[in-house]
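Here is a quick tour of a protein model, written for someone who would rather look at the fold than wade through tables. Have the viewer open while you read.

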Amino acid sequence: NDGAERSFTLQTAIEIGFKSVQNLHSRFNGSLRWNIDDRANVVLHPQAFQMINDVSYLIFGNIFEHSGFYSLTSHRTDAPPSDVKIEAIGDSKIRVQIISAISSGENRDTIEENCLAARRKIESSAYMEVVQQKKKTGLVRLASRIEHEDNGPESLKFGVIDGSFFEVSF
């Protein structure tokens, strides 16, 4: 090793976060479907790579925990792929959007309530209180990680779409 740092694209950083969740949870047999604007699949600075990797790990961990396709009792093997869209916004911004199906057996009202509770904690900047918690904190931790990079709370959006899909974009 000559000491040079390796360079990775945005897509690769997201894939590594996804694979990390798969390695940690053997039941997580999901897949990704990509829609990538060539201008947006940039090579990342090592610090940006780590942030994107952390963020994607949190997102896919949340999908594993709450989509209903991977629970011990579901015995489902038909989880549809998560859609990942990477697009250039103007000349200087990139938006990543991840949409994942919610199993018809999941209580969508509970998922929406959890999203609302997470939004409230994010709006009140209650990040330190969730550091000690283990359950229902993934979205708040995600916001904390994104805001830590000085992106502001408006750069993270999440919620349930049409009662059937969960979306996260940043």
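Leaving aside neighbours within four places in sequence, which residues is Phe 64 in contact with? They are Val 21, His 25, Arg 27, Phe 28 and Tyr 70. Keep in mind that this is a predicted model.

Phe 64 itself belongs to helix H2, which covers residues 46–66. Is Phe 64 buried or exposed? Its relative accessible area is 5%, so it counts as buried, the cut-off being under 20%. Another way to place Phe 64 is to look at Asn 29: the two are 35 residues apart along the chain, yet 9.2 Å separates their C-alpha atoms.

Now zoom out. The protein has 5 helices and 7 strands, and following the sequence you'd read them as β-α-β-β-α-β-β-α-α-α-β-β. Of its 170 residues, 38% count as buried. Take the contacts with a separation of 6 or more: 66% of them come from residues 24 or more positions apart. On the outside, about 10000 Å² is exposed, with carbon and sulfur atoms supplying 48% of that.

Next, the sheet. It is an open one made of 5 strands, ordered E2-E4-E5-E7-E6, with mixed pairing. At the edges sit E2 (32–36) and E6 (157–161), each of which pairs on one side only. From one strand to the next, the twist averages 15 degrees.

Two helices pack on this sheet, and here is how they line up:

| Helix | Residues | Strands touched | Angle between directions |
|---|---|---|---|
| H1 | 10–24 | E2, E4 and E5 (93–101) | about 165 degrees with E2 |
| H3 | 108–123 | E6 and E7 (165–169) | about 165 degrees with E6 |

The strand pairs are worth a look too. In general, strands of a sheet pair through backbone hydrogen bonds, either parallel or antiparallel. Here, E2 pairs with E4 (residues 82–89) in the parallel sense, over 5 bridges. Within that pair, Arg 33 has Asp 83 in E4 as its bridge partner.

How do E6 and E7 run, and how many bridges join them? These strands are antiparallel, and 5 bridges hold the pairing. Find Phe 158 and you'll see Val 168 of E7 standing opposite. The hairpin of E6 and E7 has 3 residues between the strands, and there Asp 162 takes a positive phi near 50 degrees.

Note on methods
Residues are numbered from 1 along each chain as its sequence is written. This is a predicted model: local features need pLDDT of at least 70, side-chain atom pairs count only at pLDDT 80 or more; totals for chains, interfaces and linings use all residues. Side-chain values use heavy atoms; hydrogens and water are left out. Two strands pair if DSSP finds at least two bridges between them. Helices (H or I, at least four residues) and strands (E, at least two) are DSSP runs, numbered from the N terminus. Axes are lines fitted to C-alpha atoms, for helices over the stretch in contact, and angles run from 0 to 180 degrees between N-to-C directions. Contact means heavy atoms within 4.5 Å. Buried means under 20% relative accessible area, exposed over 50%, partly exposed in between (1.4 Å probe, protein chains only). Accessible areas come from the Shrake-Rupley method with a 1.4 Å probe; for residues, only the protein chains shown count as cover.
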